[in-house]
Amino acid sequence: MDHSFGARLPEPLKAVLDKLPNGLYLHTQRVCSEAKSLARLFGLDFEPVEVAAAAHDICRAMNGKDLLSEAQRRRLPINEIEQHLPILLHGPLAAAIVRDEFGMTDKDLLQAIHWHSTGTPGMHPLAELIFLADKLDPMKKARYPLSLYLIHISEPTRLSMMAYAVVCL
């Protein structure tokens, strides 16, 4: 496949990306593009942004039963909501794979992958950026019944990153 993500991605991650369904692969490319734009805006280092954006959905194509089974095999904590909505495990499971199989241990990178779907209080700016880039994919916005609108921030700061998007029902 065309790896327009950049040369900084580890080879094992590129191999996993090659196996994604086409639609998910294209989503990942759009998230990477959006994440790099946001990284420029908010002054974050491109390399971890690109790796987190590329890896965020590597488990998204797994079915619920397989997500639960793999999360249990890896001894990941599974809460009651995740038991009923196992798709929520695709981020935590992706983070575990990136750590265990790709040997990447940066806690901010792993946090960004883990929490990209739901977010969590106290996220590192990298995690906020990946959360936001994922939600700003134009194709994703079109599929869901909510709209994300960008607002202008004259002097963006780390604290204003999450204020960069306004969710309107």
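**Entry 1. Helices α6 and α7**

I began with helix α6 (residues 90-100) and helix α7 (residues 107-114), whose axes come within 7 Å and cross at roughly 150°. Because angles over 145 degrees count as roughly antiparallel, I recorded α6 as roughly antiparallel to α7. I should state here that the model is a predicted one.

I then listed the residues that meet between these helices. From α6 I noted G91, P92, A94, A95, V98 and R99, and from α7 I noted L109, L110, I113 and H114. Sorted by class, the contact of α6 with α7 holds seven nonpolar residues, two polar and one charged.

**Entry 2. The chain as a whole**

I next turned to the overall make-up. I found nine helices and two strands in the chain. Reading from the N terminus, I wrote the order of elements as α-α-α-α-α-α-α-α-α-β-β.

The chain has 169 residues, and 46% of them count as buried. I noted an exposed area of about 9000 Å² for the chain, with carbon and sulfur atoms supplying 56% of it. Taking the contacts with a separation of 6 or more, I found that 52% come from residues 24 or more positions apart.

**Entry 3. Helices α2 and α8**

I looked up a second helix pair, α2 (22-42) and α8 (residues 125-135). The axes of α2 and α8 come within 8 Å, and they cross at roughly 130°. I therefore entered α2 as oblique to α8. I recorded the crossing of α2 and α8 as right-handed.

On the α2 side, the contact is made by H27, V31, E34, A35, L38 and A39; on the α8 side, by L129, I130, L132, A133 and D134. I counted these by class as eight nonpolar, one polar and two charged residues.

**Entry 4. H27**

I followed H27 further, as one of the α2 residues in the contact with α8. Is H27 buried or exposed? Its relative accessible area is 7%; since buried means under 20%, I entered H27 as buried. Leaving out residues up to four places away in sequence, I found that H27 touches H56, D57, D134, D137 and K140. D134 also belongs to the α8 side of the helix contact.

**Entry 5. D45**

I moved to the loop between α2 (22-42) and α3 (46-55), where D45 is found. D45 has 54% relative accessibility and so counts as exposed. I also looked up D45 together with L126, which is 81 residues apart from D45 along the chain. The C-alpha atoms of D45 and L126 are separated by 9.0 Å.

**Entry 6. S69**

I located S69 in helix α4. At 42% relative accessibility, S69 counts as partly exposed, because that class lies between the limits of 20% and 50%. I noted a separation of 9.8 Å between the C-alpha atoms of S69 and P86, which are 17 residues apart along the chain.

**Entry 7. R75**

My last entry concerns the loop between α4 (64-73) and α5 (80-84), which holds R75. What is notable about the phi of R75? I found that R75 has a positive phi of about 60° although it is not a glycine. I set beside this the general rule that most residues other than glycine have a negative phi. As to accessibility, R75 has a relative accessible area of 75%, and I therefore entered R75 as exposed.

Key: Residues numbered from 1 in each chain as written. Predicted model: local features only at pLDDT ≥ 70, side-chain atom pairs only at ≥ 80, totals over all residues. Heavy atoms only, no water. Helix = DSSP H or I, 4+ residues; strand = E, 2+ residues; numbered from the N terminus. Buried < 20%, exposed > 50% of the residue type's maximum accessible area, 1.4 Å probe, protein only. Axes fitted to C-alpha atoms, helices over the stretch in contact; angles between N-to-C directions. Parallel < 35°, antiparallel > 145°, perpendicular 65-115°, else oblique. Left-handed = near helix turned anticlockwise from the far one by under 90°. Contact = heavy atoms within 4.5 Å. Nonpolar A, V, L, I, M, F, W, Y, C, P; charged D, E, K, R; others polar. Areas by Shrake-Rupley, 256 points an atom, 1.4 Å probe, with all protein chains shown as cover.
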